[in-house]
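Student: I am new to this structure. Can we go through the terms used for it, one by one?
Tutor: Yes. Have a look first, then ask.

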Amino acid sequence: MAVAVDGVNALWGRTTLRRTNKSPVAAEELTLVHNLRKMVKNDWHGGAIITTVTQTGSLYTPSSAYLPQELLGKEGFDALDPFIPVPVSVYSEKEFESCYQYYSNRRWIQHPHGRAEEGKRELDFLCGKNPSLMEKLCGFL
């Protein structure tokens, strides 16, 4: 069995939700968060837990934070122990082409210049085949 959670740091961040009396709702009070936290506990055998942390996953985290410890906080980082980082390298030529086609097909790249060969080369130059930068450049608003 495998459990995959994108932006797992949102499970330990503050929420923007408020009760009718204007008091904040803690993340652990939300059913979805509670159950996702149970799924990523390391108390089961015969499977893997695969997660990502994102800078946009927690609204109240400083934009300069990028390390897992900073994004997850102490409680979140301790909950995911043992933490085994997996480096993500830049795209190969084939991966870049595949991602470019995906963004084009989903109409994330809308400008006609962006869909031309010259626009593709410009996008390659701007992001340097970095997956995160490519998403930021092409992502819808």
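Student: Where is Lys129 placed?
Tutor: Lys129 sits in the loop between α5 and α6. Keep in mind that this is a predicted model.

Student: Why is Lys129 called buried?
Tutor: Its relative accessible area is 17%. Buried means under 20%. The value 17% falls under that cut-off, so Lys129 counts as buried.

Student: What is special about the phi of Lys129?
Tutor: Phi is positive, about 65°, although Lys129 is not a glycine. Lys22 also has a positive phi, about 75°, and is not a glycine.

Student: Is Lys22 buried or exposed?
Tutor: Lys22 has 64% relative accessibility. Exposed means over 50%, so Lys22 counts as exposed. Lys22 is found in the loop between β1 (2–5) and α1 (31–39).

Student: What makes the link between Asp124 and Lys129 a polar contact?
Tutor: Their side chains are joined at 3.0 Å. The limit for a polar contact is 3.5 Å, and 3.0 Å is within it, so the distance fits the term. Asp124 belongs to helix α5 (residues 117–127).

Student: Which residues does Asp124 touch, not counting residues up to four places away in sequence?
Tutor: Phe96 and Lys129.

Student: How do you know that Met134 is buried?
Tutor: Its relative accessibility is 0%. That is under 20%, so Met134 is buried. Met134 is part of helix α6.

Student: Which residues surround Met134 as contacts, leaving aside neighbours within four places in sequence?
Tutor: Among them are Tyr91, Phe96, Cys99 and Tyr100. Leu123 and Cys127 are also included.

Student: How far is Met134 from Asn21?
Tutor: The two are 113 residues apart in sequence. In space they are 42 Å apart, C-alpha to C-alpha.

Student: Why is Ser104 called buried?
Tutor: Ser104 has a relative accessible area of 10%. The cut-off is under 20%, so the term applies to Ser104. Ser104 lies in helix α3 (residues 93–105). Beyond its neighbours within four places in sequence, Ser104 is in contact with Ile109 and Arg115.

Student: How many aromatic pairs does the structure hold?
Tutor: Five. Phe77 and Phe83 form one, with 5.2 Å centre to centre and 45° between the planes.

Student: Why is the pair of Phe77 and Phe83 called tilted?
Tutor: Stacked planes are under 30 degrees apart, and edge-to-face planes over 60. The angle here is 45°, which fits neither, so the pair is tilted. The centres also pass: 5.2 Å is within 6.5 Å.

Student: What makes Phe77 and Phe83 partly exposed?
Tutor: Phe77 has a relative accessible area of 22%. Phe83 has 32%. Partly exposed lies between buried, under 20%, and exposed, over 50%, so the term fits both.

Student: Which residues do ring pairs link into a cluster?
Tutor: Tyr102, Tyr103 and Trp108.

Student: Which residues form the nonpolar patch on the surface?
Tutor: Phe125, Leu126 and Leu137. Together they have about 360 Å² of accessible area.

Student: How do you know that Leu137 is exposed enough for a patch?
Tutor: A patch residue needs over 30% relative accessible area. Leu137 has 46%, so Leu137 passes. Leu137 lies in helix α6 (residues 131–138).

Student: Which residues does the cis peptide bond join?
Tutor: Asp81 and Pro82, with omega about 5°. Pro82 is in the loop between α2 (68–79) and α3.

Conventions
Residues are numbered from 1 along each chain as its sequence is written. This is a predicted model: local features need pLDDT of at least 70, side-chain atom pairs count only at pLDDT 80 or more; totals for chains, interfaces and linings use all residues. Side-chain values use heavy atoms; hydrogens and water are left out. Patches are made of residues with over 30% relative accessible area and no salt bridge: like charges are joined within 9 Å, nonpolar side chains (Val, Leu, Ile, Met, Phe, Trp, Tyr) within 5 Å. Accessible areas come from the Shrake-Rupley method with a 1.4 Å probe; for residues, only the protein chains shown count as cover. A salt bridge is a side-chain nitrogen of Lys or Arg within 4 Å of a carboxyl oxygen of Asp or Glu. Helices (H or I, at least four residues) and strands (E, at least two) are DSSP runs, numbered from the N terminus. Buried means under 20% relative accessible area, exposed over 50%, partly exposed in between (1.4 Å probe, protein chains only). A polar contact is a pair of N or O atoms within 3.5 Å; within protein, one must be able to donate a hydrogen and the other to accept it, and residues adjacent in sequence count only if both atoms are side-chain atoms. Contact means heavy atoms within 4.5 Å. Rings of Phe, Tyr and Trp (its six-membered ring) pair if their centres lie within 6.5 Å; planes under 30 degrees apart count as stacked, over 60 as edge-to-face and the rest as tilted.
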